[in-house]
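Work through the following exercises with the sequence and the coordinates side by side, and try each task before reading its solution.

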Amino acid sequence: MRTKAPSASAPVEEKIAWADAQYARLSPEILQDRLVVEGLERLREAISASHRAMVHAGIVDACRICEQEEGGSCCGKGLEDRYDGTLLFLNRALGVRFPA
């Protein structure tokens, strides 16, 4: 299996397959590393704080309205093309499950 992450322009299925394969290969070792686990926890906390700030600022409501009334094209359409395999790998390490 290729170890270099596919680029953001690769098909999303290829990026997800790479992230899943790398996570399966590396997680037993990296999730035993205290620094990695602590870093993932800090990242989880930062993501949560960011989400709370977005809720407080009304951004989440604005995005919901945009999605319902305008199809969400400003952020949602083609969003999967903006992420690379490394970002998807980090999401897997945070416990995110991707759709099949």
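**Exercise 1. Find the helices in which confidence is lowest and highest in the chain.**

Solution. The model is predicted, so local features need pLDDT of at least 70 and side-chain atom pairs count only at pLDDT 80 or more, while totals for chains, interfaces and linings use all residues. Residues are numbered from 1 along each chain as its sequence is written, and side-chain values use heavy atoms, with hydrogens and water left out. The confidence in each residue is the predictor's pLDDT, from 0 to 100, and helices are DSSP runs (H or I, at least four residues), numbered from the N terminus. Confidence is lowest in helix α3 (residues 59-70), at a mean of 84, and highest in helix α2 (residues 34-57), at 96. The chain averages a pLDDT of 88, and 92% of the residues score at least 70.

**Exercise 2. Describe the bend of helix α1 and state what its buried residues pack against.**

Solution. Begin with the axis: α1, which covers residues 12-30, bends by about 35° at Ala24, where the bend is the angle between axes fitted to the seven residues ending there and the seven starting there. A proline, Pro28, follows within four residues. Next, take burial, where buried means under 20% relative accessible area, exposed over 50% and partly exposed in between (1.4 Å probe, protein chains only). The buried residues of α1 are Lys15, Ile16, Trp18, Ala19, Gln22, Tyr23 and Ser27, and they pack against α4 (85-93).

**Exercise 3. Identify the residues of the largest nonpolar core, then follow the contacts of Ala19 and Phe98.**

Solution. A nonpolar core is a set of buried Ala, Val, Leu, Ile, Met, Phe, Trp, Tyr and Cys residues joined through side-chain atoms within 4.5 Å. The largest one has 10 residues: Ile16, Trp18, Ala19, Tyr23, Leu40, Leu88, Phe89, Ala93, Leu94 and Phe98. The elements giving two or more residues to this core are α1 and α4, and α1 gives the most, with 4 residues. For contacts (heavy atoms within 4.5 Å), leave aside neighbours within four places in sequence; Ala19 is then in contact with Gly85, Leu88, Phe89, Arg92 and Phe98. Phe98, found in the segment after α4, touches Ile16, Ala19, Asp20, Leu88, Asn91 and Arg92, with residues up to four places away in sequence not counted. The C-alpha atoms of Phe98 and Lys15 are separated by 11 Å, although these residues are 83 apart along the chain.

**Exercise 4. Why does Ala49 fall in the partly exposed class?**

Solution. Locate Ala49 in helix α2. Ala49 is classed as partly exposed because its relative accessible area is 33%.
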